[in-house]
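Good morning, colleagues. Please take a moment with the sequence and the structure before I begin.

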Amino acid sequence: MSTPSVRTAFPVGALFDLDGTLLDSAPDMLATVNRMRADRGRPPLALSDIRPVVSRGARAMAAVAFPDLDAESVVALVPEFLAVYAEELGRHSLLFDGVEPMLAGLEAAGTRWGIVTNKPEYLAARILPQLGWQARCAVLVGGDTLAERKPHPLPLLHAAEAIGIAPGECVYVGDDARDIIAARAAGMPSIVALWGYRLDDDDPVAWQGDVMHASVDALFEPAGWPA
């Protein structure tokens, strides 16, 4: 029986989802929906109400904030959500524990890293200088950067091409099924970030990522990355 190979060096390229993977942005999202609810005379939600759906985008969060509205009315709230969120962006969010030393370790090893998110590019781009990442992040692809968004593989393939690294030599890290589906379709090894946002009935095992980790700490060493 063959022994699985263990990586002894960090990958050449590493790509990350943003919300729920690098950034705990749920507090910003909560502030956004609670402002919208307050404007309509509704009581505030708790962080636990909104947190599971943060990775699923503005429409999902608006649906949780206003569960009595039909789908069409929820979609109509998305522009307002994005406008309010733009004002709350970065005011309450924090990096997940371990993210900064993990990125520093990648950089010390010569790994090029970037972000592929379904968040609109203009919002994601505003976060980078807040974190001091504008000169460190090698590529940023938002949900509206290209004609397709995750779970389509195009954003990951585009990001890999932008940093000059073959998809198979990159690793994608994300906390949602769309992330892993996109990575698999792109021929890119993937890591399921179990520290991120998930609904109770989500089954990360079924996403078929190459590796699953409960904390960012597992990525401090090469062995934590799929070979």
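I shall speak about an annotated position first, and then about the nonpolar cores.

Please bear in mind throughout that this is a predicted model. Let me start with D17, which UniProt lists under "active site" in an unreviewed entry. In the fold, D17 sits in the loop that runs between strand 1 (13-16) and strand 2 (23-24).

Is D17 buried or exposed? Its relative accessibility is 5%, and because buried means under 20%, D17 counts as buried. Leaving aside residues up to four places away in sequence, D17 touches L22, S55, V116, T117, K150, Y172, V173, G174, D175 and D179. In addition, the side chains of D17 and T21 are joined by a polar contact of 3.3 Å.

I turn now to the interior. The largest nonpolar core has 53 residues, and those touching the most other members are F16, F81, M102, I115, W133 and W225. Which element gives this core its largest share? That is helix 5 (residues 78-88), with six residues. The core also draws on two domains, taking at least three residues from each of domain 1 (13-22 + 96-224) and domain 2 (26-88).

M102 deserves a word of its own. Again not counting residues up to four places away in sequence, M102 touches F16, L22, V216, L219, F220 and W225. L22 is thus a residue you have already heard named, among the contacts of D17.

Finally, apart from the largest core lies another, of 15 residues, including L15, V141, I163 and C170. Thank you for your attention.

Technical notes. Residues are numbered from 1 along each chain as its sequence is written. This is a predicted model: local features need pLDDT of at least 70, side-chain atom pairs count only at pLDDT 80 or more; totals for chains, interfaces and linings use all residues. Side-chain values use heavy atoms; hydrogens and water are left out. UniProt positions are given in the numbering used here, feature names are shortened, and annotations may be inferred rather than shown by experiment. Helices (H or I, at least four residues) and strands (E, at least two) are DSSP runs, numbered from the N terminus. Buried means under 20% relative accessible area, exposed over 50%, partly exposed in between (1.4 Å probe, protein chains only). Contact means heavy atoms within 4.5 Å. A polar contact is a pair of N or O atoms within 3.5 Å; within protein, one must be able to donate a hydrogen and the other to accept it, and residues adjacent in sequence count only if both atoms are side-chain atoms. A nonpolar core is a set of buried Ala, Val, Leu, Ile, Met, Phe, Trp, Tyr and Cys residues joined through side-chain atoms within 4.5 Å. Domain bounds come from an automatic or database domain assignment.
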